[in-house]
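Hi there,

Here is the structure I promised to pass on to you. Have a look at it first, and then read on for my notes.

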Amino acid sequence: MSNQDNGLEKRFKSSIVFVSILIPIVVAILFSIKLKDFGINVEPLSFLPPIYAGINALTAILLVIGVIAIKNGNREKHQKLMTAAIGCSVAFLVMYVAYHLTADSAKYGDTNHDGIVSEVELAEAGIMRLIYFFILITHILLSIIIIPLVLFTYVRALAERFDRHKKLAKITFPIWLYVAITGVIVYIMISPYYAN
């Protein structure tokens, strides 16, 4: 290991910490802002949720193929796939924020149902609601945690600190994969409640 490689990791440390704190704060702030509140009349970008759910699915696929590539000794393919997965995650984030700047959030179970609902249907809805919120909350919390993990893992690879990269990647991969897959599950579960 050269001092230059070690310096690369150290040089990016402050930036990674800063970005890892900034992104969740900015997203939380932007989540509460609607462009219409500023007199900007934009049609809701209601076409985006299935696209960014698809991008989450693509991210999961890229991650799995990327891990298979490195296990088969193909470092170049692994690097390209992981870089593409990061690109997908950034694209997801931009679309997610854009959607929420233009549309009200869907609420799970929010319907204008005028029919008679049995006690069994209410119980099933309650169980599904608990499952949905468990998945959503773990998805959100882990999506915050994954930011520095992905960035540090990536920088360690760029610095050719493969021993440290591999050690951190063993933690990063399953969390990132969980976030990508649960992003798709959350979309599938909430999609019936999106405004038409």
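**What the record lists, and what the model shows**

An unreviewed UniProt entry lists residues 12–31, 51–69, 81–99, 130–155 and 175–195 under "transmembrane region". Please keep in mind that this is a predicted model.

I compared two of those spans with the model. Residues 12–31 are 100% helix and 0% strand, with 28 Å between the end C-alpha atoms. Residues 51–69 are likewise 100% helix and 0% strand, and the C-alpha atoms at their ends lie 26 Å apart.

**The overall picture**

The protein has five helices and zero strands, so read from the N terminus on, its elements are simply α-α-α-α-α. It has 196 residues, and 33% of them count as buried. Among contacts with a separation of 6 or more, 80% are between residues 24 or more positions apart. The accessible surface comes to about 12,300 Å², and carbon and sulfur atoms account for 67% of that.

**The end of helix H1**

Leucine 30 belongs to helix H1, which covers residues 3–31. With a relative accessible area of 25%, leucine 30 is partly exposed, because that value falls between the 20% limit for buried and the 50% limit for exposed. Beyond its neighbours within four places in sequence, leucine 30 is in contact with Val97 and Leu101. Its C-alpha atom is 7.7 Å from that of histidine 100, although the two are 70 residues apart along the chain.

**Aromatic rings**

The structure holds six aromatic pairs. One of them is a stacked pair of phenylalanine 31 and tyrosine 96, with 6.1 Å centre to centre and 20° between the planes. Phenylalanine 31 lies in helix H1 and tyrosine 96 in helix H3 (residues 75–102), so this pair ties together parts that are 65 residues apart in sequence. Both partners are partly exposed: phenylalanine 31 has a relative accessible area of 33%, and tyrosine 96 has 23%.

Another pair is made by tyrosine 132 and phenylalanine 133, and this one is edge-to-face, at 5.1 Å centre to centre and 75° between the planes. Tyrosine 132 counts as buried at 5% relative accessibility, whereas phenylalanine 133 is partly exposed at 30%.

You can also find one aromatic cluster formed by Phe31, Tyr52, Phe92, Tyr96 and Tyr99.

**Charges over rings**

Phenylalanine 31 turns up once more here: the charged end of lysine 34 sits over its ring, 5.9 Å from the centre. Elsewhere, arginine 75 lies over the face of phenylalanine 162, at 3.9 Å from the ring centre.

**A buried threonine**

Which residues does threonine 59 contact, leaving aside its neighbours within four places in sequence? They are Ala85, Cys88, Ser89, Trp176 and Ala180. Threonine 59 is found in helix H2, which runs over residues 48–71. Its relative accessible area is 2%, so threonine 59 is buried.

If you open the model, phenylalanine 31 is a good place to start: its ring is stacked with that of tyrosine 96, it belongs to the aromatic cluster, and lysine 34 has its charged end over it.

Best wishes

Terms used
Residues are numbered from 1 along each chain as its sequence is written. This is a predicted model: local features need pLDDT of at least 70, side-chain atom pairs count only at pLDDT 80 or more; totals for chains, interfaces and linings use all residues. Side-chain values use heavy atoms; hydrogens and water are left out. Helices (H or I, at least four residues) and strands (E, at least two) are DSSP runs, numbered from the N terminus. Buried means under 20% relative accessible area, exposed over 50%, partly exposed in between (1.4 Å probe, protein chains only). Contact means heavy atoms within 4.5 Å. Accessible areas come from the Shrake-Rupley method with a 1.4 Å probe; for residues, only the protein chains shown count as cover. Rings of Phe, Tyr and Trp (its six-membered ring) pair if their centres lie within 6.5 Å; planes under 30 degrees apart count as stacked, over 60 as edge-to-face and the rest as tilted. A charge sits over a ring if NZ of Lys or CZ of Arg is within 6 Å of the ring centre and within 35 degrees of the ring normal. UniProt positions are given in the numbering used here, feature names are shortened, and annotations may be inferred rather than shown by experiment.
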